[in-house]
Amino acid sequence: MEMGNMSGYCRCRQRFTAKTRSKGTDVEYPSCSCRNNYFPIPADEQSGMCQGGFRSRMRTFCREKIRGKAVVAPSLNVPTFPSSTTERSNKRAVLCGITYNNWKQYRLKGTTNDVKNMRELLITKFHYPGDCIRVLTEEETNRAFIPTRKNIEDSLRWLVKDCQPGDSLVFFYSGHGLRVRDFNNDEIDGFDETICPLDFQEAGMIVDNDLNSLIVRPLLRGVTLHAIVDACHSGTILDLSKVYNSKVRKWEDNSPPSGVEKCTSGGLAISISACLDDQAAADTSAFTAGKMNGALTYILAEILKKLPGPTYGDLFDLIDETIQNVNQSGCLANTRILRKLFDSSFSQTALLSSSAEFDVYKKHLFL
């Protein structure tokens, strides 16, 4: 892939203070493992981030000045009209990208681009009907599609509702991810992974236990779900029982120590995560000059556009190879910012997990 000018920063920096709905207690979440000085924000971007901080959290539209007129960004959700046909599509997707416009300090710039990229991929390469894709971003004018906790959970229920054998479902998330202490003894590392809705400080985060209950347990035999999560600490975000170790090329057991079952109802759930549970994911313009994207989303989409249906093993080999190439200073322009951004101590390893083992070099990925 052709490299452009780069700017970027980690998707979870410094500290958050928030409430977890299930516990009802204030929790302070420490900085991610990568230090902030590895992710400098160019001076020409800082002013834009500050301006974004003054936007109201619950604004339902995004405006930009063009020739003195305010233009509302078009919705990515296709209106559903009564149809004369009773044909049912076996493809359905929920795409969620959160910019956090109300936080100048934690604002992300690539998440909406990620959603647009994934939507185009699903429609053009995997033939998803536009009206079977639900999009949640801060740019949507319909308040039902603003990525609050309630709206995300409602959309996930819609995703798996009345699923039938042969259905292919996709959940895509691009935004902040965090970790919280596990008090149920169902995490090997002692931490629950979370995603952060727009209103998570008030409504709480959505933890991996919630996601498992919402979109993994309801999967009936013959139904396949792919979750693609481009966020920090996203490795085992669905709490699936099998994790693929690409270094030794074998599946490892990720079952809860408590013995509680977190399985499907016969279907197959597969998760593609941006990084391991203890790692950070990058928001970067490494691949498209001046345009921010999540690193995993961009690489994944480019591979699937050019090579639809690779085996899972080939896909992850290509993702890993691309990230390693970018991390090598010889592949980058010799600038101070780029050397800091891809310091040797920065690491992002995509992770594959599943509700059941399969041969990753024989099974092909079809969304």
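In the predicted model, Lys 363 lies over the face of Phe 358, 5.7 Å from the ring centre; a charge is taken to sit over a ring if NZ of Lys or CZ of Arg is within 6 Å of the ring centre and within 35 degrees of the ring normal. A second arrangement of this kind places the charged end of Arg 134 over the ring of Trp 158, at 4.5 Å from its centre. The model being predicted, local features need pLDDT of at least 70 and side-chain atom pairs count only at pLDDT 80 or more, whereas totals for chains, interfaces and linings use all residues. Residues are numbered from 1 along each chain as its sequence is written, and side-chain values use heavy atoms, with hydrogens and water left out.

The secondary structure of the chain comprises 8 helices and 18 strands, assigned as DSSP runs numbered from the N terminus (helices H or I, at least four residues; strands E, at least two). Of the 367 residues in the chain, 54% are buried, where buried denotes under 20% relative accessible area, exposed over 50%, and partly exposed the range in between (1.4 Å probe, protein chains only). Among the contacts in the chain with a separation of 6 or more, 76% join residues 24 or more positions apart; contact means heavy atoms within 4.5 Å.

The largest nonpolar core contains 46 residues, of which Leu 95, Ile 319 and Leu 352 touch the most other members. A core of this type is a set of buried Ala, Val, Leu, Ile, Met, Phe, Trp, Tyr and Cys residues joined through side-chain atoms within 4.5 Å. Two or more residues each are contributed by β6 (91–97), α2 (111–124), β7 (133–136), β8 (168–174), β15 (268–273), α6 (295–306) and α7 (312–327). Helix α6 supplies the largest share, 8 residues. Apart from this core lies another, of 39 residues, which includes Val 94, Tyr 100, Ile 152 and Leu 156. Beyond its neighbours within four places in sequence, Leu 352 is in contact with residues including Trp 251, Ile 270, Ile 272, Phe 316 and Phe 358. Phe 358 is thus a contact of Leu 352 as well as the ring over which Lys 363 lies. Asn 117, found in helix α2, is buried, with a relative accessible area of 10%. Leaving aside neighbours within four places in sequence, Asn 117 is in contact with Tyr 298, Ala 301 and Lys 305.

The structure holds 6 aromatic pairs, defined for rings of Phe, Tyr and Trp (its six-membered ring) with centres within 6.5 Å; planes under 30 degrees apart count as stacked, over 60 as edge-to-face and the rest as tilted. Tyr 100 and Trp 103 form a stacked pair, with 5.8 Å centre to centre and 15° between the planes. Trp 103 also pairs edge-to-face with Tyr 106, at 5.4 Å centre to centre and 70° between the planes. Tyr 100 is buried, as are Trp 103, at a relative accessible area of 12%, and Tyr 106, at 11%. Tyr 100, Trp 103, Tyr 106 and Phe 200 form one aromatic cluster.

Helix α3 (residues 149–160) packs against helix α5 (residues 208–216) at an angle of about 35°, with the axes 8 Å apart. The axes are lines fitted to C-alpha atoms, for helices over the stretch in contact, and angles run from 0 to 180 degrees between N-to-C directions. On the α3 side, Arg 149, Glu 153, Leu 156, Arg 157, Leu 159 and Val 160 meet Asp 210, Leu 211, Leu 214 and Ile 215 of α5. By class, this contact has 6 nonpolar, no polar and 4 charged residues, with Ala, Val, Leu, Ile, Met, Phe, Trp, Tyr, Cys and Pro counted as nonpolar, Asp, Glu, Lys and Arg as charged, and the others, Gly among them, as polar. Helix α5 is largely enclosed by the rest of the structure, because 7 of its 9 residues are buried. The buried residues are Asp 208, Asn 209, Leu 211, Asn 212, Leu 214, Ile 215 and Val 216. Their cover includes α3, β8, β10, β11 (206–207), β12 (224–230) and β15.

Strand β10 (residues 191–195) contains Thr 194, which counts as buried at 1% relative accessibility. Outside its neighbours within four places in sequence, Thr 194 is in contact with His 176, Gly 177, Leu 178, Val 180, Met 205, Ile 206, Val 207 and Ile 237. Gly 204, in the loop between α4 (200–203) and β11, is buried, with a relative accessible area of 0%. The C-alpha atoms of Gly 204 and Thr 194 are separated by 10.0 Å, the two residues being 10 residues apart along the chain.
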